[in-house]
Structures are given as C-alpha cells and as structure tokens.
Amino acid sequence: MFVPLHIKSDYSLGFGTASVSEWAARAAELGYRALGLTDIENLCGQVRFHAECRAFGVRPITGVELRPGFVRGRHPGDRQGRLVLLAADWTGYAALCRIVSLRCGGKRGGGPAGGLTAAIAGAGAGLFALSDEPRLLARLLTQGLFDRSRLGLLLIRPTASELTAALRGIARELGVQLVADLDAVFPAPGDRELHLLQLAIHRGVTVAEAA
C-alpha cells in the first residue's frame, strides 16, 4: 500500500498548513498504515507527531528535508536538489538530530555553506535518502556516504510520460530505486488557498503570483 513519505506540517513555516495531529487524523481517515514527516530543516514536530500517529493507529516515520541554499531564519532553501532523509531506527534518528544541529549551527562544515553532503558525512547508517536530483545521488554514491540499497530517486508529480521514462533510465544507471511520492504540504484540497497565502507572504508577492 502507498505510504506518504514526504509531508510537511506547520513546523515548515510558510509551506505546511496543518498540524501534526491533523496529518495523523487525515492519514487514519484515508486508511494509511504509515506516514513520514519531513519538515524543512527541522525536527521540531517529531515527538508530538509520534504520539498523535500512535493515537490514530498510524506508524510514524521520522524524517527531514534538507535544502540547498538554506539559511536559518533567512531562506528555506530551494526545492530542486533537496535531500529527504528518513530514519530506519534509533541510530538513524540520532543521526538526524546531529545533522539538523549542524545545519542550524553551521559548525564543522556541516552547515549550509558546507553543502548537503558535508552535513551527512559519516551519518549514513540507519538512514534512507531520497532526492529528485540525480547528481546529488551520484555524489552520495561516489563519496561512499550511502549504499545503493538505501538511496532512491524521487519522482514527484511528473508532467509528462517522457519525464517518467527519463527518470527510470537515470535510476537504472545509478542502480537505485525510483520512488514515487507526493510533496505534500496540506492534507485536504480546501487548504490550498491557505498554502498559497503563506507562499505569497513568504515571497512578498500577491496570492495570484504565488499560484
């Protein structure tokens, strides 16, 4: 059964519209057995997320989305080239905590200036990594940061079958799985207007321009 691995709560300021409890309730309503929370560059909602998911009988999956160009308090970073990290166990969760601390503190080369690969150096154990940027996945492989079995090329809302076919070919060349998943920032269609309003405020544009 399909499992959403890539949702954002209102802890992803300016993007997510729903609380972790709303996400858990919606997942249960739709019959999902598990749900992955990957807020942008933070783990702030994870403790509550786990409690809420268990209350609704949904398995929680801890994750985070790292973005190139991220600057704490100034810029959330760019979607293209993002890296989604998912914890497989407690070792992976501890690794995520260290990575987020480095990204926010900018220490020892693991901050935004050091790039995504610098932040996760030595932290591959216990983690799965997904990205929509083939070159980033190639770097993770060549630098020995991840095993192929723990990497996936993200396929997010392809606009044409040609794009899907091209990504399949790239995944085969890299020897990694092609992972189809939604970049979910709101749990119900009626929340789209709130999401657009958040984007407009964040970008300093009108709602029409943000659409």
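A nonpolar core here is a set of buried Ala, Val, Leu, Ile, Met, Phe, Trp, Tyr and Cys residues joined through side-chain atoms within 4.5 Å; buried means under 20% relative accessible area, exposed over 50%, and partly exposed in between (1.4 Å probe, protein chains only). The model is predicted, with pLDDT of at least 70 needed for local features and 80 or more for side-chain atom pairs, while totals for chains, interfaces and linings use all residues. Residues are numbered from 1 along each chain as its sequence is written, and side-chain values use heavy atoms, leaving out hydrogens and water.

**Exercise 1. Find the residues with the most contacts inside the largest nonpolar core, then list what Leu 85 touches.**

Step 1. The largest core has 29 residues, and Leu 83, Leu 85, Ile 120, Leu 140 and Phe 146 have the most contacts inside it.

Step 2. Elements giving two or more residues to this core include strand S3 (83–87), helix H3 (90–105) and helix H6 (161–174). Helices (H or I, at least four residues) and strands (E, at least two) are DSSP runs, numbered from the N terminus.

Step 3. Skip the neighbours of Leu 85 within four places in sequence, and its contacts include Val 64, Leu 96, Ile 120 and Phe 146. Contact means heavy atoms within 4.5 Å.

Step 4. Don't stop there: another core, of 12 residues, lies apart from this one, with Trp 23, Ala 27, Leu 37 and Val 58 among them.

**Exercise 2. Work out where the buried residues of helix H1 (residues 20–30) sit around its axis.**

Step 1. Pick out the buried ones: Val 20, Ser 21, Trp 23, Ala 24 and Ala 27.

Step 2. Look down the axis. These residues fall within an arc of 160°, so they line one face of H1. The arc is taken over the directions from the helix axis to the C-beta atoms.

Step 3. Ask what covers them: strand S1 (34–37) and helix H2 (46–55) are included.

Step 4. Now check a charged pair on H1. Glu 29 and Arg 26 meet in a salt bridge at 3.0 Å, N to O; the term means a side-chain nitrogen of Lys or Arg within 4 Å of a carboxyl oxygen of Asp or Glu. The two are three residues apart in H1, which means about one helical turn. Glu 29 counts as exposed at 59% relative accessibility, and Arg 26 as partly exposed at 22%.

**Exercise 3. Trace the salt bridges that Arg 82 makes with Asp 132 and Asp 183.**

Step 1. Asp 132 and Arg 82 pair up at 3.3 Å, N to O. Asp 132 is in the loop between S4 and H5, Arg 82 in the loop between S2 and S3, 50 residues apart.

Step 2. For Asp 183 and Arg 82, the closest N and O atoms are 2.8 Å apart. Asp 183 lies in the loop between strand S6 (177–180) and H7, so this pair ties together parts 101 residues apart in sequence.

Step 3. Check burial: Asp 132 and Arg 82 are both buried, and so is Asp 183.

Step 4. Put it together: Lys 8, Glu 65, Arg 67, Arg 82, Asp 132 and Asp 183 are linked in a network of salt bridges.

**Exercise 4. Describe Glu 41 by its phi, place and burial.**

Step 1. Glu 41 has a positive phi of about 60°, although it isn't a glycine. Most residues other than glycine have a negative phi.

Step 2. Glu 41 is found in the loop between S1 and H2.

Step 3. Its relative accessibility is 2%, so Glu 41 counts as buried.
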